[in-house]
Amino acid sequence: MGICIGLDIGTARTGIAESDPSSTFAFPMRCVRTDDLLDDLRSHYQNEAIDGLVIGLPKRLNGEPTHGTGIAQSVAVTIQKAFPSWTIHSVSYTHLRAHET
């Protein structure tokens, strides 16, 4: 059983979180320059069992994309090419869903 990685991709920096092996909890790990993200992922996770990668996809409250949406999508495509075995999930509005439960 592997871990899941969460990314909050920004124009300048990306926040990285990791789950515990049961994928029950996520823990913030570090923040890296977005330009250095692929190198960071390679150095930390190349030999790890990764169950999934969750990327926060920024959207406005009305569902329209923001300036960061295209950036996050572009980085997701780049990551998928570099790590084809990883399953990538994009999520939006998690803060709103948390209040609904």
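The following paragraphs describe the strand arrangement and helix packing of a predicted model.

The strands form an open sheet of five members in the order S3-S2-S1-S4-S5, in which the pairing is mixed. The edges of this sheet are occupied by strand S3 (26-33) and strand S5 (88-91), each of which pairs on one side only, and the twist from one strand to the next averages 25°. At the S5 edge, strand S4 (residues 50-56) runs parallel to S5 and is joined to it by four bridges; within this pairing, Val54 has His89 in S5 as its bridge partner.

Helix H1 packs on the sheet through contacts with strand S1 (3-9), strand S2 (13-19), S3 and S4, and the direction of H1 makes about 135° with that of S3. Helix H2, in turn, lies across S1, S4 and S5, and its course is at about 160° to S4. Strands S1 and S4 are thus listed among the contacts of H1 and also among those of H2.

The two helices also meet each other: the axes of H1 (residues 37-45) and H2 (residues 67-82) come within 11 Å and cross at roughly 35°, and the crossing in which H1 passes H2 is right-handed. On the H1 side the contact is made by Leu37, Leu38, Leu41 and Arg42, which meet Val75, Thr78, Ile79 and Ala82 on the H2 side. By residue class, this contact of H1 with H2 comprises six nonpolar residues, one polar residue and one charged residue.

Note on methods:
Residues numbered from 1 in each chain as written. Predicted model: local features only at pLDDT ≥ 70, side-chain atom pairs only at ≥ 80, totals over all residues. Heavy atoms only, no water. Axes fitted to C-alpha atoms, helices over the stretch in contact; angles between N-to-C directions. Left-handed = near helix turned anticlockwise from the far one by under 90°. Contact = heavy atoms within 4.5 Å. Nonpolar A, V, L, I, M, F, W, Y, C, P; charged D, E, K, R; others polar. Pairing = 2+ DSSP bridges.
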